[in-house]
Amino acid sequence: MNPDSLKFGQQPGFLPTELPGLDTLTELALDLQWSWNHAADALWQQLDAELWDRTHNPWIVLQTASREALKQHLADPAFQGQMAALMAHKQAAAARPKWFQQQHPESPLRCVAYFSMEYMLSEALPIYVGGLGNVAGDQLKSASDLGVPVVAVGLLYQQGYFRQEIDRQGAQQARFPYNDPGQLPITPLRLPNGEWLRLPITLSGFPVWLRTWQVRVGGVMLYLLDSNDAANLPVHRGITAELYGGGMELRIQQEIVLGMGGWQLLRALGIAPEVCHLNEGHAAFVVLARARTFMQETGLSFEAALAVTRPGNLFTTHTAVAAGFDHFSPALLEQFLGDYARQELGIPFDTLLTLGRHPGNPAESFNMALLAIRGCGAVNGVSQLHGEVSRQLFGGLFPRWPTAEVPIGHVTNGVHMPSWDSEAADAIWTTACGKERWRGGLDTLAENIRQVPDDALWELRTSCRQELVAYTRARLARQFLVAGHSPELVAVAGQVFDDRTLTLGFARRFVAYKRPNLLLHNPERFIRLLTNPEQPVQLVLAGKAPPSDEIGKALIQQWTQFIAEHNLHQHVVFLSDYDMLMAEHLVQGVDVWLNTPRRPWEACGTSGMKVLVNGGLNLSELDGWWAEAYTPAVGWALGDGQQHANDPAQDAAEADALYTLLETQVVPEFYARDAQGIPARWVERMRRSMATLTPQFSANRTVRQYTQDYYLPAATRYAQRAANQGAAGAAIVRQRQQIASEWDKLEFGELQTESVANSYQFHVPLRLGILTPDQVLVELYAQGFPGTAAQRIPLQPAAAPTADGYLHYQALVTTPRPATDFTARVVPAYKGVAVPLEDQRILWQR
Ligand SMILES: *Cc1c(COP(=O)(O)O)cnc(C)c1O
């Protein structure tokens with residue numbers, strides 16, 4: 001069944017469906033494309049300007065509009081014309097071949113299924129917390145732009161993540177408004193006969209119904225699951241209530257719904273993806289469900305089925321510390337998946353447990369990231385530095401392998417530029433680079449944007465800053481009013497900031513490792529910086545602390561009290577309830593975006609990338625993406641590029657460095673104006689940052705990289721293994737078993753070297769037992785020097801073993817290094833298998 005052929009019903013009866021043209025409006029309102037393509041904004045504005053401004057949710061605007069208003073607008077020829085033009089544009093865009101179809105017309109890749117616990121697509125669909133959801137949402141949008149065949153799977157939360165209020169004492173209060181599905185731009189997923197698609201799963205012996213929904217994101221479909229079905233027990237109806245809420249028992253159920261329910265949903269729609277992309281380990285149960293389907297189709301064992309499906313799975317890890325992974329106790333896993341292992345997978349429960357544990361550690365809890373690695377054919381971190389950190393974090397899965405060879409690569413995240421650019425920035429980029437600039441290769445963007453004249457860039461900065469100041473005033477006044485502050489203070493809120501003042505921004509989760517209070521290290525020095533009469537500075541802050549994180553909440557209050565105590569409202573504003581819509585305003589308006597994490601905890605970070613397209617500059621710790629983006633020409637860097645753990649002395653030193661950077665570089669450069677009132681050096685920095693960094697840190701680049709480096713090879717490898725009822729998978733299991741049983745019998749003899757001219761002839765005797773030379777790879781290995789890669793040189797076997805049973809391997813090596821730097825090693829090498837990911841064996845000669 002093709003999902004597009006399903007007839008998708010609308011929400012129950014709020015709309016007067018008989019009005020001609022309403023179906024067109026409905027179709028426009030239900031396509032989240034409006035979250036980045038602002039062509040339809042005027043339409044919604046006409047229907048209800050205030051509601052549109054407040055929610056940016058066309059679906060709510062449409063549902064709220066009176067029958068008379070709808071009737072009147074739909075009868076208005078001008079309105080009709082706008083609607084028709086939008087539909088024509090939408091249809092033409094859908095029909096146009098996209099980057100993927102042009103670049104890979106013969107590709108075996110038909111479908112990538114993307115799994116994520118959260119998606120940040122629009123403030124109108126609050127099913128996200130922050131960074132992880134941002135990555136998922138922005139990649140879906142770019143996949144739509146590029147025509148990469150992705151479908152996505154997630155959860156619909158009745159409450160989502162908490163909403164933040166700042167009370168009169170400046171403390172965070174958590175609110176949980178209900179996400180009314182009727183107000184969200186989603187529709188129930190209906191079967192052709194009109195029945196709502198509901199899926200039964202089993203949790204702890206109980207049948208649980210999952211409801212299904214769909215969200216249209218341009219050309220990409222996002223399917224959501226929730227458990228709030230009237231047929232369920234109350235305890236089960238709440239499984240999908242809160243994002244990252246509750247304890248581990250709730251979490252494992254959510255992850256079963258996501259991974260296993262999600263897989264079942266795809267099957268019910270007749271979607272058979274070649275590639276499953278796991279955005280973080282939460283979704284790792286999908287690898288079990290996918291293997292089980294292959295078992296059912298072929299009769300293979302679980303081990304063989306996993307060997308077939310594994311290369312079709314990709315795991316992206318986003319965590320920089322071991323404590324960040326989800327762990328479940330063996331008892332909890334047994335409760336929810338014990339029967340599943342035995343009955344559905346045909347394996348003892350202990351075998352399932354070992355998939356989530358380090359080798360030979362039977363005391364460990366079950367780690368979802370380890371399951372993901374065991375179940376995927378490729379693994380990547382989300383920045384170059386995070387790739388390195390991840391190779392260390394997961395080194396324990398690959399005992400005796402050099403860290404550099406731990407099979408984890410990286411794809412640096414990027415952001416969906418059309419979602420984050422301001423109207424003014426969009427205009428500049430469109431003039432310089434054309435309307436289709438984010439839909440294909442990005443090769444010409446840098447050169448074109450470099451041509452934009454100084455005054456246009458400075459005008460962009462000025463107008464964006466003005467908008468942010470206006471937004472901040474309105475928002476803060478409302479926030480103070482709601483909190484019950486005095487009318488005087490509310491009036492002050494309506495007057496904060498200044499249009500011409502250097503504007504800094506800091507918004508992200510308030511957790512200790514992000515050091516959101518670094519600027520408060522020396523309050524006097526900071527106040528002097530802010531209130532310098534010639535060269536003032538203003539700072540807008542936002543961010544939520546996890547509701548149970550007392551330290552994070554205290555960090556927020558430290559800021560709000562600092563502002564109140566020193567009466568700094570003119571210069572520092574803390575805005576409550578950071579969300580996507582606010583993020584848009586902030587990243588469009590600030591001159592400089594600050595980020596102060598403790599290296600290497602920020603796996604990537606994306607908010608700083610959002611200012612690039614708007615001509616904002618970054619001042620950030622050399623962590624995550626900034627460690628690879630920074631050059632002195634494009635921004636400012638904090639830290640020495642080393643790790644310092646949780647060291648107060650280092651924090652103090654970096655706070656000092658931050659003040660000094662601001663005092664001696666950032667502020668003077670911003671206020672150094674030429675005769676036209678333009679800060680020439682600043683503008684040159686903007687130009688370089690826009691030209692070199694914007695394309696590089698766009699989700700367009702990220703998604704093309706995933707497609708070419710991961711999705712396409714994964715689809716090919718999966719097809720090879722799946723052919724002939726998974727014959728290759730079964731063969732791999734046989735080979736692996738044979739190698740396993742013989743491995744301990746492998747034995748190196750004495751390595752010998754002869755000097756030959758300026759080279760060495762290495763001789764390495766190796767007893768292979770019953771293994772054949774084509775089942776192993778024998779290499780010389782020499783450690784690299786700092787900053788250089790290790791040397792690996794394949795050794796060639798003699799035609800036959802000698803009488804003592806040794807097969808002699810040799811190689812002639814020309815090297816300036818002493819022969820003693822080299823040792824020999826042997827690793828498995830059988831057809832198609834990825835070593836060490838799929839087989840970790842390695843034997844060193846010494
Ligand atoms: C971009 C964004 C994030 C992620 O930003 P980081 O720099 O990775 O912390 C979080 N929340 C919102 C609302 C965002 O827009």
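Biologist: Which domains does the domain assignment give for the protein chain?
Modeller: The model is a predicted one. The assignment places residues 3-95 in domain 1 and residues 454-695 in domain 3. Domain 2 joins two stretches, 99-413 and 706-723, and domain 4 covers 746-844. The domains given are therefore domain 1, domain 2, domain 3 and domain 4.

Biologist: What distance separates the centres of domain 1 and domain 3?
Modeller: Domain 1 spans 3-95 and domain 3 spans 454-695. Taken over C-alpha atoms, their centres are separated by 37 Å.

Biologist: Which helix gives the most to the largest nonpolar core?
Modeller: The largest nonpolar core holds 160 residues, and L278, F285, L288, Y711 and L780 are those with the most contacts inside it. The greatest contribution to this core, 14 residues, comes from the helix that spans 699-743, namely α29.

Biologist: How many residues has the other core, which lies apart from the largest one?
Modeller: The largest nonpolar core has 160 residues. Apart from it lies another core, which includes I563, F574, V590 and L693. The number of residues in this other core is 101.

Biologist: Which residues is L278 in contact with, leaving aside neighbours within four places in sequence?
Modeller: L278 is one of the residues with the most contacts inside the largest nonpolar core. Its contacts include A283, A284, V286 and V287, as well as L314, F315 and T316. The list is completed by F115, A372 and C376.

Biologist: Is K610 buried or exposed?
Modeller: The UniProt annotation "modified residue: N6-(pyridoxal phosphate)lysine", from an unreviewed entry, covers K610. In the model this residue is found in helix α25, residues 607-612. Its relative accessibility is 3%. Since buried means under 20%, K610 counts as buried.

Biologist: Which residues does K610 touch, not counting those up to four places away in sequence?
Modeller: K610 is found in helix α25. Beyond its sequence neighbours, K610 touches M120, N134, V415, W420 and V587.

Biologist: What share of residues 22-125 is helix?
Modeller: UniProt lists this span for "domain: DUF3417" in an unreviewed entry. The end C-alpha atoms of the span lie 22 Å apart. Strand makes up 4% of residues 22-125, and helix makes up 60%.

Biologist: How many disulfides does a search of the whole structure find?
Modeller: A disulfide is a covalent bond between the sulfur atoms of two cysteines. For C433, the nearest cysteine sulfur is that of C464, 16 Å away, whereas a disulfide requires sulfur atoms within 2.5 Å. C433 is buried, at 15% relative accessible area, and C464 is buried as well, at 5%. The number of disulfides found in the whole structure is zero.

Biologist: Where is P600 placed, given that the peptide bond from R599 to P600 is cis?
Modeller: The bond from R599 to P600 has omega near 5°. The elements on either side of P600 are β18 (592-595) and α25. P600 is placed in the loop between them.

Biologist: Which residue does a cis peptide bond join to V835?
Modeller: The omega of this bond is about 5°. The residue joined to V835 is found in the loop between β28 (823-828) and β29 (843-844). That residue is P836.

Biologist: Is N724 buried or exposed?
Modeller: N724 lies in helix α29. Its phi is near 50°, a positive value in a residue other than glycine. Its relative accessibility is 65%, and exposed means over 50%, so N724 counts as exposed.

Biologist: Why do the buried residues of α5 line one face of the helix?
Modeller: An α-helix has 3.6 residues a turn, so residues three or four places apart point the same way. In α5 (residues 67-75), the buried residues are A69, L70, H73 and L74. The face turned away from them carries the exposed residues E68, K71, Q72 and A75. The buried residues line one face because, seen down the axis of α5, they fall within an arc of 120°.

Biologist: Which helices are included in what covers the buried residues of α5?
Modeller: The residues to be covered are A69, L70, H73 and L74. The cover includes α1 (22-29), α2 (41-47), α4 (58-64) and α6 (77-95).

Note on methods:
Residues numbered from 1 in each chain as written. Predicted model: local features only at pLDDT ≥ 70, side-chain atom pairs only at ≥ 80, totals over all residues. Heavy atoms only, no water. Core = buried A, V, L, I, M, F, W, Y, C linked by side-chain atoms within 4.5 Å. Buried < 20%, exposed > 50% of the residue type's maximum accessible area, 1.4 Å probe, protein only. Helix = DSSP H or I, 4+ residues; strand = E, 2+ residues; numbered from the N terminus. Contact = heavy atoms within 4.5 Å. UniProt positions renumbered as here; feature names shortened; annotations may be inferred. Arc of directions from axis to C-beta.
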